[in-house]
Amino acid sequence: MSETSNLFDYIVWRGDLTLDKAPFTAVDGLILSAFSYVHMDSLIKSDRDFTVTVKDVANRFLRLPVGVRPRVRSKLDSTLLQLLRDSKRFGDMRIGFCRDVFDPDKETQFAAVTILLDESEALVAFRGTDATLVGWKEDFNMSFQEVVPAQLAAVDYLEYVASQLDCRLRVAGHSKGGNLAVFAASQCKNSVQDRIIAVYNNDGPGFCEKILGSEGYIRMLDKVNAFVPQDSVIGMLLDHGKAYTVVRSMQVGLSQHDPYTWTVKGPDFERLEEVTRGSRMTERVVEDWLESLTNEERGKFVDAVYELVTSGGASFTTDIGKLKNVLAAVKTYKGADESTKRMVTSALKRLIRSAVNAFRKEGGQEKQPAAQGKRSVQPVNGRS
């Protein structure tokens, strides 16, 4: 591979080596996490018998005209499917137990798929947040709710898979999917935890103190592998309770959240010593801001913002900037009661204050560890 390689280069380079010749890596975990973003419910049934392969799903998807293909996270997902289809390493992996739940009334967006790596191991991959506003609303609910519906669904799903398969398990996900992977693995039955080899959390947000202090979470910590890009924002939200590995991305800012921008070196990610100053500042801003709000205030603020952005009928994040939805949001805000306006204004002022304080604390400081007590950077030669 070249000095600067991505997931696609890895598939091409590693694609002719099956798992018995080149063992599973964290990069494989991210690739299959990206695969889980494809909406497969229209391509296959749940398939309890695991007769459908990755190659089958890719072919069914790619044969469809572009305009009628199932939703994906990124336009590059079609490139991923092409490469997986032609790969000896991934193409013949069998998949099953596809589950996709979308319930606006319960503010739930959940999806998962199980992939048989070989006869002795399976990977449970949880999908991250898609482009639906319901999915993002559930993410924000994590800031004031101890548990959200998708997390409970993840535990149920993992325990179901464990009851149906008699093999060792790996659990993975990207973004919210990474959070669900860790939550499910840490809150499932001890008998299921004992069968889990490793958990891969790729730039997923953390958890509240109650979850971090739970017996199951502490029991699983040594099996959790957390990865964030150097400018991480999503992965720095809330706390993880353990070290993370910093991966170099070819992009900057929020664009680094895209797994296709992460760089690979040989069979592993290209690792860095620490996150950037901007990432540390973002962590400080969000942490300080959330601490300035009660759980009730957080909930009211999130609900108010969600009502504004959906007042014009927007369902996807791409709809928010449309003129009719902007005008509807403005009209809804003007018509809101005074207490709601005061609450939103107060929360935004506190956010600005937190940003100013973080800038002052960070200003003039030289390089420092990415975490102070709550988090620490995993060494470059750390376990993956």
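The chat below goes through parts of a predicted model.

User: What average pLDDT does the protein have?
Analyst: This is a predicted model, and the protein averages a pLDDT of 88, with 93% of the residues scoring at least 70.

User: And over which residues is the pLDDT below 50?
Analyst: That applies to residues 366-384, a stretch that nevertheless has 57 contacts in the model beyond near neighbours in sequence. Where pLDDT is low, the predicted coordinates should not be read in detail.

User: Switching to strands, why is S6 largely enclosed by the rest of the structure?
Analyst: Strand S6 covers residues 196-202, and 6 of its 7 residues are buried, so the rest of the structure largely encloses this strand.

User: Which way does S5 pair with S6, parallel or antiparallel?
Analyst: Strand S5, residues 168-174, pairs with S6 in the parallel sense over 6 bridges, and within this pairing valine 171 stands opposite valine 199 of S6.

User: How many bridges join S6 to S7?
Analyst: There are 4 bridges between S6 and strand S7, residues 224-229, and these two strands also run parallel. Here tyrosine 200 has asparagine 225 in S7 as its bridge partner.

User: Now the helices: at what angle do H1 and H2 pack?
Analyst: Helix H1 (residues 7-14) and helix H2 (residues 26-35) pack at about 115°, with their axes 11 Å apart, and the two are therefore roughly perpendicular to each other. H1 passes H2 in a left-handed crossing.

User: Which residues make that contact?
Analyst: From H1 the contact involves Leu7, Tyr10 and Ile11, while H2 contributes Val27, Asp28, Leu30 and Ile31.

How values were computed:
Residues are numbered from 1 along each chain as its sequence is written. This is a predicted model: local features need pLDDT of at least 70, side-chain atom pairs count only at pLDDT 80 or more; totals for chains, interfaces and linings use all residues. Side-chain values use heavy atoms; hydrogens and water are left out. pLDDT is the predictor's confidence in each residue, from 0 to 100. Contact means heavy atoms within 4.5 Å. Buried means under 20% relative accessible area, exposed over 50%, partly exposed in between (1.4 Å probe, protein chains only). Two strands pair if DSSP finds at least two bridges between them. Axes are lines fitted to C-alpha atoms, for helices over the stretch in contact, and angles run from 0 to 180 degrees between N-to-C directions. Angles under 35 degrees count as roughly parallel, over 145 as roughly antiparallel, 65 to 115 as roughly perpendicular and the rest as oblique. A crossing is left-handed if the near helix is turned anticlockwise from the far one by less than a right angle, and right-handed if clockwise.
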